[in-house]
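These are my notebook entries on a structure that I went through element by element. I begin with strand pairing and then turn to helices, cysteines and one buried site.

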Amino acid sequence: MGNKLSGKDLIKLGFPKNNSINIALGQINRYRKREKKESILNEAKEVLLHPENFKMHGTWGKVAEGLVNPVQVKFNQLRNTRAPFSIFGENEIDEQAKFQLYDSLKLPVAVKGALMPDAHSGYGLPIGGVLATENAVIPYGVGVDIGCRMSLSIFDLPASFLKGKDHQLQAILKDNTKFGMTETHKIKADHEVFYRNEFDDIPLLKRLKDKAYKQLGSSGGGNHFVEFGIVKLDNPLPEWKLEPKEYLAVLSHSGSRGLGANIAKHYTYLATKQCPLPKNVQHLAWLDLNTHDGQEYWLAMNLAGDYAKACHDDIHRRIAKALGKRVVVTIENHHNFAWKEQVDGKECIVHRKGATPAQKGVLGIIPGSMTAPGFIVMGKGNEESLNSASHGAGRLFSRAKCKTSFTQSQIKKVLADNEVTLIGGGIDEAPMAYKDINKVMALQTELVEVLGTFTPKIVRMDR
């Protein structure tokens, strides 16, 4: 017998002539091809005898599922009626974003939806879209940048600390942040997230671990940033032990880097295979949470979210160390993620794609643009918005449109008028590309209460 495992070998063992054989071969060729055929066949015998023991196994989980309870692949038609929904700031939102939400509300698994006032069209769910589903998770409802999030560190330093320290603070940002596709820190930091079982148990994650380790504390590209600015606290919480005045702060925006992007790509592919949908909504393919892939995506997504937080923690630790000061308050939140939450009395999966969690009493940060304030907010727990708020000002101009609409000299003038120093940053992130954050905030007064603002002063982005 040759050294490469074949379908005939598995049929000889007693595997049924069905899709479980294709699944097994696919998993083995992908993740176990360097191992001896004999040891894999011995394992395969065990799977055949006791499939229930291998339900969550990295390589054999899908095979076990194929033996016990095969996933039923059937073409899903959209419903004729939409699940209930609410739109906040309807007049400020482009029609395409609304149509994307309407399509998602016709999915057989949709329970309820909402659109935030910063919404604009995206892939799958619109950005600023919130969708509750029943026992199903939509990888493109979470987005490619899983766990993309905001993190704000407030220092017990007056805003006047910025005066005359421009060059010192610019140097701190240049030396302690990494942007773009390839930049990583020379001195790596370890983190407990790398010791999580998922990195050993899920074959895809095992392959991504080294890259994730290298990229820890880096920010990537696009609209991601790290910036020094001034926090003005109007209503500080008593536990912060801070007076209502102005402080030096650091705000960062980024996600889970290559780890999240690869998870999104892999499980979106699996979802489209298991859940065929009409062409116009195929990006909304979902994974049933009772399946092996659904469970695995859920674990991988949560790991990517924790990794994104670890990246922010590393960035803020490096900056605090370079400043030689201690962070007194941290406010942070994801805005590309899915959570298990109660919706109208039943547990649902709530996808927030570019939306800030705003349950009653929950803190968050909603950024403006590099020349506009961001807002420190506390959720009001509005069920109409599925306990959500906007994740920023939202784009007015697409990246491509920015390149034909604005010039570098226009951007320089706007930055100078607002006394903002920019390191990096392309035309596609021009301050004028964004909606008016004050208008957006005025449209969500029933969703969040404002505790303070953050005004950027020294901004670092990808070039």
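**Entry 1: Strand 17 and its partners**

I looked up strand 14 (residues 374-379) and found that it pairs with strand 17 in the antiparallel sense, over six bridges. The model is a predicted one, and I read every entry below with that in mind. For a specific pair in this ladder, I noted that glycine 374 has phenylalanine 454 of strand 17 as its bridge partner.

I then checked strand 6 (residues 225-233), which is also antiparallel to strand 17 and joined to it by nine bridges. Here leucine 233 is matched with glycine 452 in strand 17.

Strand 16 (residues 421-423) runs parallel to strand 17, with three bridges between them. I recorded threonine 421 and isoleucine 458, the latter in strand 17, as bridge partners.

How much of strand 17 is buried? Of the 14 residues in strand 17 (residues 448-461), eleven are buried, so the strand is largely enclosed by the rest of the structure.

**Entry 2: The open sheet**

I next traced an open sheet of five strands, whose order is 1-2-3-11-10 and whose pairing is mixed. Its edges are strand 1 (85-87) and strand 10 (336-343), each of which pairs on one side only. From one strand to the next, the twist averages 15°.

Strand 10 and strand 11 (residues 346-353) run antiparallel and are joined by eight bridges. Within this pair, I noted asparagine 336 bridged to lysine 353 of strand 11.

Which strands does helix 5 touch? Helix 5 (residues 95-104) packs on the sheet against strand 1, strand 2 (110-120) and strand 3 (127-133), and its direction makes about 170° with that of strand 2. Helix 11 packs on the sheet as well, touching strand 10 and strand 11; the angle between the directions of helix 11 and strand 10 is about 115°.

**Entry 3: Helix 9 against helix 11**

I followed helix 11 (residues 292-323) to helix 9 (residues 203-215): their axes come within 12 Å and cross at roughly 10°. An angle under 35 degrees counts as roughly parallel, and the two helices are therefore roughly parallel to each other.

From helix 9, Leu205, Ala212 and Gln215 meet Ala300, Leu303, Tyr307 and Cys311 of helix 11. I classed the residues of this contact as six nonpolar, one polar and no charged.

**Entry 4: Cysteines**

I searched the whole structure for disulfides and found zero. Why is cysteine 148 without a bond to another cysteine? The closest cysteine sulfur, in cysteine 311, lies 11 Å from that of cysteine 148, which is too far for a bond. Cysteine 148 is buried, at a relative accessible area of 5%.

Cysteine 275 is likewise in no disulfide, its nearest cysteine sulfur being that of cysteine 348, 17 Å away. I found cysteine 275 to be buried, with a relative accessible area of 3%.

**Entry 5: Serine 151**

Is serine 151 buried or exposed? I located serine 151 in strand 5 (residues 149-158), and its relative accessibility of 1% counts as buried.

Setting aside residues up to four places away in sequence, serine 151 touches Val250, Leu251, Ser252, His312, His316, Thr330, Ile331 and Glu332. I also noted asparagine 333, 182 residues from serine 151 in sequence and 6.8 Å from it in space, C-alpha to C-alpha.

Terms used: Residues numbered from 1 in each chain as written. Predicted model: local features only at pLDDT ≥ 70, side-chain atom pairs only at ≥ 80, totals over all residues. Heavy atoms only, no water. Axes fitted to C-alpha atoms, helices over the stretch in contact; angles between N-to-C directions. Helix = DSSP H or I, 4+ residues; strand = E, 2+ residues; numbered from the N terminus. Parallel < 35°, antiparallel > 145°, perpendicular 65-115°, else oblique. Contact = heavy atoms within 4.5 Å. Nonpolar A, V, L, I, M, F, W, Y, C, P; charged D, E, K, R; others polar. Pairing = 2+ DSSP bridges. Disulfide = S-S within 2.5 Å. Buried < 20%, exposed > 50% of the residue type's maximum accessible area, 1.4 Å probe, protein only.
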